[in-house]
Amino acid sequence: MKNILVVGAGGQIGSELVPHLQKIYGTNNVVAADINTSCAHHFQNGPFEVLDALDTQKFAELVRKYRVDTIFNLVALLSATGEKNPQLAWKINMGALMNSLEIARENHCAVFTPSSIGAFGPTSPKDNTPQDTVMRPTTVYGICKVTGEMLSDYYFLKYGVDTRSVRFPGIISNVTLPGGGTTDYAVEIYYGAIQQKHYICPLPQGTYLDMMYMPDALDACVQLMEADPSKLKHRNSFNVTAMSFEPSQIYAAIKKRIPDFAMEYNIDPVKKAIADSWPNYMDDSCAREEWGWNPKWNLETMTDDMLKVIGEKYKAGLLK
């Protein structure tokens, strides 16, 4: 990777991936692009472009302008948001991917597009979910992800486009709030603990889901894209995970550190149904074997760091 374009840079992953890539590859060699102009201030240190990823002409112009060799396509409406407007979710998620792949084909770029645990469905094995197994998701978000995995493989097999991706679990960040995903509670609970000493959980006790702290997610992106292609038996998409827990476990981890923290449950039926259709925990042995995936964070170390960073923001008056 020499010249990188991150599309959908203003989202939860992109807002942290861009500066991470800039530290590795150089500030001016990583271009942030997003349809939302309000996120431009996050990327003042390097180039920022306003881009609707469905605008094929503008997208292609940016790739040529910056001599891009690698596209990170992070554009997506997430699981719970997508269920409110499935037609729009399909249009945005698949339109951005198709443009990324076709522009990459024409301009000899590599493409990273994250998939998700949402690509699995209720008929997938729940425990130790294999790399290669039944995938029949019941959300439009998941359907987009499965289609995206297959389409990305197709572009590699038919056109030789260097496509790679991971199936991200829920991603937990202390920088950017999530935007309508089923696993959002695992971020929101830390803010509730710091700001109100109270949190109302939308998922029931016992709902296990794979999770990952953002620093591990950023490492996964770079490690996979820098991996020796001759060692990749899979491409789209690798299971990756760092931890699996259910609401009472993350609550207990926080309460150990904030004894007066309280949590209650008010179940969101849409999020519950989505979570119930996803794995409890995935088998990520293929990622470990093919490109050395090895997460560094667990629930305890992540909780220490989350509470420290969010607590400092709260004391500084930076939280609304």
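**View A. Glu49 and Lys65 form a salt bridge.** The N to O distance between these side chains is 2.9 Å. A salt bridge here is a side-chain nitrogen of Lys or Arg within 4 Å of a carboxyl oxygen of Asp or Glu. The contact links distant parts of the chain, with the two residues 16 residues apart. Glu49 sits in strand β3 (residues 48–50) and Lys65 in helix α2 (residues 56–65). Helices (H or I, at least four residues) and strands (E, at least two) are DSSP runs, numbered from the N terminus. Glu49 counts as buried, at 13% relative accessibility. Lys65 counts as exposed, at 56%. Buried means under 20% relative accessible area, exposed over 50%, and partly exposed in between (1.4 Å probe, protein chains only).

The model is predicted: local features need pLDDT of at least 70, side-chain atom pairs count only at pLDDT 80 or more, and totals for chains, interfaces and linings use all residues. Residues are numbered from 1 along each chain as its sequence is written, and side-chain values use heavy atoms, with hydrogens and water left out.

**View B. Asp162 and Arg235 pair across two loops.** Their side chains meet in a salt bridge, at 2.6 Å from N to O. The pair links distant parts of the chain, 73 residues apart. Asp162 lies in the loop between α5 (140–159) and β8 (163–164). Arg235 lies in the loop between α7 (214–226) and β13 (238–239). Asp162 is partly exposed, at 23% relative accessibility. Arg235 is buried, at 9%.

**View C. Lys308 and Glu312 bridge within helix α11.** Both residues lie in α11 (residues 299–315). They are 4 residues apart, about one turn of the helix. The side chains meet at 3.4 Å, N to O. Lys308 is partly exposed, with a relative accessible area of 48%. Glu312 is also partly exposed, at 45%. Elsewhere, salt bridges that share partners join Lys256, Arg257, Glu300 and Asp304 into one network. The structure holds 12 salt bridges.

**View D. An open sheet is built from 6 strands.** The strand order is β3-β2-β1-β4-β5-β8, and the pairing is parallel. Strands β3 and β8 form the edges, each pairing on one side only. Two strands pair if DSSP finds at least two bridges between them. Strand β1 (residues 4–7) and strand β2 (residues 30–34) pair in the parallel sense over 4 bridges. One contact to find is Leu5, whose bridge partner in β2 is Val31. Edge strand β3 also holds Glu49, the salt-bridge partner of Lys65 in View A.

**View E. Cys109 and Cys144 sit apart from other cysteines, and the structure holds 0 disulfides.** A disulfide is a pair of cysteine sulfur atoms within 2.5 Å. The closest cysteine sulfur to that of Cys109 is in Cys221, 17 Å away and too far for a bond. For Cys144, the closest cysteine sulfur is again in Cys221, at 19 Å, too far for a bond. Cys109 is buried, with a relative accessible area of 3%. Cys144 is buried too, at 4%.

**View F. The largest pocket has a volume of about 1100 Å³.** On a 1 Å grid over the protein atoms alone, a pocket is an open set of points where a 1.4 Å probe fits, with protein on both sides within 12 Å along at least five of seven lines; lining residues have an atom within 4 Å of a point. Grid points are joined across faces, edges and corners, and a volume is the space filled by probe spheres set on the points. The lining counts 49 residues. Closest to the centre are Gly11, Gln12, Leu74, Ala76 and Leu78. Elements giving two or more residues are α1 (14–25), β2, α4 (86–107), β6 (115–116), α5 and β10 (170–172). The lining divides into 25 nonpolar, 20 polar and 4 charged residues. Ala, Val, Leu, Ile, Met, Phe, Trp, Tyr, Cys and Pro count as nonpolar, Asp, Glu, Lys and Arg as charged, and the others, Gly among them, as polar.

**View G. The second largest pocket holds about 340 Å³ of space.** It is lined by 14 residues. Nearest its centre lie Leu177, Tyr191, Leu318, Leu319 and Lys320. Helix α6 (185–195) and strand β11 (198–201) each supply at least two lining residues. The most come from α6, with 4 residues. This lining divides into 6 nonpolar, 5 polar and 3 charged residues.
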